[in-house]
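Biologist: Good morning. Could we go through this structure together, one topic at a time?

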Amino acid sequence: MTATDTRVRTGGLDVTGLTVDYGNGTGLWDFDLHVGAGEVTCVIGRNGAGKSSALLGIAGFVTPTAGTVAIGGAKVSGAPYRRCRTQLSLVVKGRSLFGSLTLAENLSLARIDPDEFFDLFPQLASRRDVAAGSLSGGQQQLAAVGRALLRDVRVVLLDELTFGLSPAVRALIARVVREQATRRELAVVVVEQHVETALAIGDRTLVLSEGRTVLDLSARELADRTETVEQTYLHP
């Protein structure tokens with residue numbers, strides 16, 4: 001690793017028995033997850049299956065009633081801003097950008113090298129001084145995901161990664177996530193609705209139903225069971 005190489009080395013993300021109980025019969029129960037350095041795990045399921053609760057519980061934005069989260073072998077606790085400052089990036093549905101600030105200002109706040117960012121997404125270079133809220137939905141998602149991946153963190157959590165995006169933008173984001181996870185040795189967790197995206201980037205895929213993990217599949221297993229997974233756990 002050279003002096004200018006910003007890759008992050010990490011022992012990965014370990015989640016054990018994570019439970020988020022909202023008290024109304026919904027939530028997440030006994031959720032286990034291991035994502036090694038350089039790996040991508042996708043979490044899929046219907047709306048309300050507990051996917052977002054898993055990410056919010058890992059990041060500390062909801063308080064679990066049970067379970068532990070560890071990054072690089074060390075248990076993680078405390079306020080979410082502390083976790084997000086040095087250990088993880090979280091992109092929630094809604095892009096996670098400051099809409100009144102320019103794209104360049106959003107990158108600066110995250111201490112991102114703009115040259116590195118625009119190398120990833122050269123199509124956004126002409127938009128660097130445009131308010132983030134004025135970017136198209138696809139451009140905002142490119143910006144949010146790129147910013148999350150390029151921060152000096154160990155873990156990246158991406159909620160509804162390709163929601164509402166065109167097939168071309170979905171393919172671009174999937175490629176960048178896969179490449180950066182490997183190059184920067186990040187542990188990446190992706191919440192998805194599209195099995196084809198999980199197949200494109202996931203080393204493993206967890207399928208949630210009613211707050212519980214019902215399937216834990218390798219990429220090959222998911223490819224072999226795509227139709228069953230879609231019909232049983234994704235379609236209404």
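Biologist: Which residues in α1 are buried?

Modeller: In α1, the buried residues are K51, S53, A54, L55, G57, I58 and A59. Buried means under 20% relative accessible area, exposed means over 50%, and partly exposed lies in between, with a 1.4 Å probe and protein chains only. Helix α1 covers residues 51-59 and is mostly covered, with 7 of its 9 residues buried. Helices (H or I, at least four residues) and strands (E, at least two) are DSSP runs, numbered from the N terminus. Just after α1, G60 takes a positive phi of about 90°.

Biologist: What kind of model is this, and how are the residues numbered?

Modeller: Residues are numbered from 1 along each chain as its sequence is written, and side-chain values use heavy atoms, with hydrogens and water left out. This is a predicted model, in which local features need pLDDT of at least 70 and side-chain atom pairs count only at pLDDT 80 or more, while totals for chains, interfaces and linings use all residues.

Biologist: What pLDDT does the chain average?

Modeller: The chain averages a pLDDT of 91, and 94% of the residues score at least 70. The pLDDT is the predictor's confidence in each residue, from 0 to 100.

Biologist: Where does pLDDT stay under 50?

Modeller: That happens over residues 1-10, for which the model has 18 contacts beyond four places in sequence. Contact means heavy atoms within 4.5 Å. Where pLDDT is low, the predicted coordinates should not be read in detail.

Biologist: Turning to the overall build, how many helices and strands are there?

Modeller: The chain has 9 helices and 10 strands. Its C-alpha atoms fill a box of roughly 45 × 35 × 35 Å along the principal axes. Buried residues make up 50% of the 236 residues. Among contacts with a separation of 6 or more, 71% join residues 24 or more positions apart.

Biologist: What radius of gyration does the chain have, and what would a compact globule have?

Modeller: The chain has 17 Å, which agrees with the value near 18 Å for a compact globule of 236 residues. The radius is taken over C-alpha atoms, and the globule rule is 2.2 Å times the number of residues to the power 0.38.

Biologist: Now the interior. Which residues have the most contacts inside the largest nonpolar core?

Modeller: They are F117, L158, V177, V188 and V190, in a core of 46 residues. Helix α5 (residues 137-150) gives the most to this core, with 7 residues. A nonpolar core is a set of buried Ala, Val, Leu, Ile, Met, Phe, Trp, Tyr and Cys residues joined through side-chain atoms within 4.5 Å.

Biologist: What is V177 in contact with?

Modeller: Leaving aside neighbours within four places in sequence, V177 is in contact with V145, L149, L158, L161, V188, V190 and I201. There is also a second, separate core of 28 residues, which includes F31, A49, V155 and L208.

Biologist: How many disulfides does the count come to?

Modeller: The count comes to 0 disulfides, where a disulfide is a pair of cysteine sulfur atoms within 2.5 Å.

Biologist: Why is there no bond for C42?

Modeller: The closest cysteine sulfur to that of C42 is in C84, and it is 20 Å away, too far for a bond. C42 counts as buried, at 0% relative accessibility. C84 is also buried, with a relative accessible area of 17%.

Biologist: Switching to backbone angles, what is the phi of D30?

Modeller: Phi of D30 is near 50°, a positive value in a residue other than glycine. Most residues other than glycine have a negative phi. D30 is found in strand β2 (residues 27-35), and at 53% relative accessibility it counts as exposed.

Biologist: And where does E210 lie?

Modeller: E210 lies in the loop between β9 (204-209) and β10 (212-218). Phi of E210 is near 50°, which is positive, and E210 is exposed, with a relative accessible area of 70%.

Biologist: One last loop: is S134 buried or exposed?

Modeller: S134 is exposed, with a relative accessible area of 52%. The loop that holds S134 runs between α4 (114-120) and α5. S134 and S100 are 34 residues apart in sequence and 8.6 Å apart in space, C-alpha to C-alpha.
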